[in-house]
Amino acid sequence: MALEKVNSPKDLKNLKREELVELADDIRKALLNRLTNYPKGGHVGPNFGVVEMTIALHYVFNSPIDKIVFDVSHQAYPHKILTGRKDGFLYEDKFKTVNGYTDQDESEHDFFRVGHTSTSVSLATGLAKARDLRGAKENIIALIGDGSLSGGLAYEGLSNAAEQGGNLIIIANDNDQSIAENHGGLYKNLRELRESNGEAPNNFFKSLGLDYKYVADGHDINKLIEVFEEVKDIDHPIVLHIHTIKGKGLPYAEKDREPWHYNANFDPKTGEPKTKPEPKEEFGTITFDFLTDKMEKDPTVTFINAGVPMGFGFTKDRREKLDKLRKQYVDVGIAEEHATTFSSGMATNG
């Protein structure tokens, strides 16, 4: 196992390039071990999708001097494995020593206890500003998923980053999926960029004054290393738009991306839950039935949510059957402030 040789990012740098592919396999096995045996489970798709990217980041950059900020930190498990916390994924009696998010009390390689979305660019611009005021030289890297880009704070951070200048590397991890499907005009542009290999004339990031590079295969370790080496120590902000597959390496998670965003412990071969809940009424079903009944009786009643419809019983199969209620269902993406203010506008207008 290549993972046996890695107890810190410094060890990773000593591996041969061909060993990095073996390391990716080892990390996925470690992820699967924890996710299938820890009763609470964890975030499946996000972590499986960034294995190669995380290896390449730690191969090129010098953590914790170079600082990597994970948005939401749903995808920080591979980072934890490479930064001295692999026992929390390999041994059941150590599972509780590692929490599901980045945590500055857990490791010098984590800088914030992050549990919500769209924060990484703003946090990274703050780290970069402090670096510049101190006269230091480290790289600052923000890793943000495409789903998190719909949050207002992400827009604010990107706009500020362009004006602030200086070294700042923003990785837009684009797997064409938030928790549920993506919603918002931004995603049409991300699709244009993917389909044109980053060459579409309409480019959201460039319009803000940010430099931009596109990487079509976010699972090619050698290509990722090449790109990261190109931008290391850059003197201005740049967005690396990297296309990945959510759940990469786990067939059922690649196929059904929404339910495999997070899951309790499960059978590694089939994906079936190890503990099947007793059939009983639950609040998601109650909420769905209540709201759809109201929507059917009154065409002005609307269900508005910010990227987590399944939490209110609007699971993918139920959403697909809304039919005539489709116009009364609104998903604004992960944009809670907009959802609230949007609803105020609706209420004011009847």
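This is a short tour of selected helices, their packing partners and a few unusual backbone angles. The model is predicted.

**Stop 1: helix α4 and Ala56**

Select residues 51-60, which form helix α4. Pick out Ala56, which sits in this helix. Is Ala56 buried or exposed? Its relative accessibility is 0%, so Ala56 counts as buried.

Now show what touches Ala56. Leaving out residues up to four places away in sequence, the contacts are Ile221, Leu224, Ile225 and Phe228. For a sense of scale, add Lys86. Ala56 and Lys86 lie 30 residues apart in sequence, and their C-alpha atoms are 17 Å apart in space.

**Stop 2: α4 against α11**

Keep α4 on screen and add residues 221-231, helix α11. Packed helix pairs are described by the angle between their axes and by the distance between those axes. For α4 and α11 the angle is about 45° and the axes are 9 Å apart. The two helices are therefore oblique to each other. The crossing of α4 past α11 is right-handed.

Turn on the side chains. On the α4 side, the contact uses Glu52, Met53, Ile55, Ala56, Leu57, Tyr59 and Val60. They meet Ile221, Leu224, Ile225, Phe228 and Glu229 of α11.

**Stop 3: α4 against α2**

Hide α11 and select residues 17-37, helix α2. At what angle do the axes of α2 and α4 cross? They cross at roughly 130° and come within 10 Å. That makes α2 oblique to α4. Here too, α2 passes α4 in a right-handed crossing. From α2, the contact draws on Arg17, Leu20, Leu23, Ala24, Ile27, Arg28 and Leu31. From α4, look for Val51, Glu52, Ile55 and Tyr59.

**Stop 4: α4 against α5**

Swap α2 for α5, residues 77-85. The axes of α4 and α5 come within 9 Å and cross at roughly 40°. This pair is therefore oblique, and its crossing is right-handed. Val51, Thr54, Ile55 and His58 of α4 face Pro78, His79, Leu82 and Thr83 of α5 in this contact.

**Stop 5: two backbone oddities after α4**

Most residues other than glycine have a negative phi, and most peptide bonds are trans. The next two selections depart from that pattern.

First, zoom in on Ser63 and Pro64. The peptide bond joining them is cis, with omega near 10°. Pro64 lies in the loop between α4 and β2 (67-70).

Then move to Val72, in the loop between β2 and α5. Val72 is not a glycine, yet its phi is positive, about 65°. With 8% relative accessibility, Val72 counts as buried.

**Stop 6: helix α8**

Select residues 152-164. This is helix α8, with 13 residues. From first C-alpha to last it reaches 18 Å, close to the 18 Å expected at 1.5 Å a residue.

Which residues of α8 are buried? Color Ala154, Gly157, Leu158 and Ala161. Look down the axis of α8: these buried residues fall within an arc of 100°, so they line one face of the helix.

Next, show the partners of that face. The buried residues of α8 pack against α7 (120-134), β3 (140-145), β4 (168-174), α10 (204-207) and β6 (237-243). Step just past the end of α8 to Gly165. Its phi is positive, about 75°.

**Stop 7: helix α9**

Select residues 186-195, helix α9. Color its buried residues: Leu186, Tyr187, Asn189, Leu190, Leu193 and Arg194. Viewed down the axis of α9, they fall within an arc of 155°, so they line one face of the helix. Rotate to the other side of α9, where Lys188 and Glu195 are exposed.

Return to the buried residues of α9 and show what they pack against. The partners are α8, β4, α10, β5 (211-215) and β6.

**Last stop: Asn197**

Select Asn197, just after α9. Asn197 belongs to the loop between α9 and α10. Its phi is near 55°, a positive value in a residue other than glycine. How accessible is Asn197? At 46% relative accessibility, Asn197 counts as partly exposed.

Key
Residues numbered from 1 in each chain as written. Predicted model: local features only at pLDDT ≥ 70, side-chain atom pairs only at ≥ 80, totals over all residues. Heavy atoms only, no water. Helix = DSSP H or I, 4+ residues; strand = E, 2+ residues; numbered from the N terminus. Expected span 1.5 Å × (residues − 1). Buried < 20%, exposed > 50% of the residue type's maximum accessible area, 1.4 Å probe, protein only. Arc of directions from axis to C-beta. Contact = heavy atoms within 4.5 Å. Axes fitted to C-alpha atoms, helices over the stretch in contact; angles between N-to-C directions. Parallel < 35°, antiparallel > 145°, perpendicular 65-115°, else oblique. Left-handed = near helix turned anticlockwise from the far one by under 90°.
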